[in-house]
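Let's take a walk through this model together, one feature at a time. Keep the 3D view open as you read.

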Amino acid sequence: MTGPLPDCPVEVTLLLIGNKWKVLILRELMAGTKRFSELKRSIVGVTQKMLTQQLRDMEETGLIARKVYPVVPPKVEYSLTELGQSLRPVLDALQTWGENFKRSYREEPEDRRYW
């Protein structure tokens, strides 16, 4: 990340985690340390290139830590840093909101659309 941070705190948060893949990576790492292949398997639809790019970006911003083991074949593990862990309440709030939305969406008539 380069340049000054936006003045708005919400914009700062979105700058750090404001895309689908980063939020899903955080969701997976909240459960604990994972290898690249585990993340790739558990995040449906993400390409290897996109996952690599997002992990690098999140490492650069200090949300995740990358540990490389000096073995052949290479073993790399990803985990949340303290900063990454501090996003738990944000992800919990997103989960609660999503559950409530899904519940209310099912109760609405089928012809009503939210988008």
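Helix α2, which spans residues 20-30, is mostly covered, with eight of its 11 residues buried. Keep in mind that this is a predicted model. The buried set in α2 takes in W21, L24, I25, L26, L29 and M30, along with two residues that carry charged side chains by name, K22 and E28.

Now look at the two ends of this helix. At the start of α2, N19 points a side-chain oxygen towards the backbone nitrogen of W21, reaching to within 2.9 Å of that atom. W21 is also one of the buried residues of the helix. After α2 comes G32, which has a positive phi, near 135°.

Next, move along the chain to helix α6, residues 88-107, where you will find both W97 and F101. These two residues are four apart, about one turn of the helix. They form the one aromatic pair that the structure holds. How are the two rings of W97 and F101 arranged? Their centres lie 5.4 Å apart and their planes meet at 10°, so the pair is stacked; the cut-off for stacking is planes under 30 degrees apart.

Are the two partners buried or exposed? W97 counts as exposed, at 58% relative accessibility. F101 is partly exposed, with a relative accessible area of 22%; buried would mean under 20%.

One more ring deserves a visit, that of Y69. The charged end of K75 sits over this ring, 4.8 Å from its centre.

Key
Residues numbered from 1 in each chain as written. Predicted model: local features only at pLDDT ≥ 70, side-chain atom pairs only at ≥ 80, totals over all residues. Heavy atoms only, no water. Phe/Tyr/Trp six-rings, centres within 6.5 Å; stacked < 30°, edge-to-face > 60°. Buried < 20%, exposed > 50% of the residue type's maximum accessible area, 1.4 Å probe, protein only. Lys NZ or Arg CZ within 6 Å of the ring centre and 35° of its normal. Polar contact = N/O pair within 3.5 Å; in protein donor to acceptor, adjacent residues only side chain to side chain.
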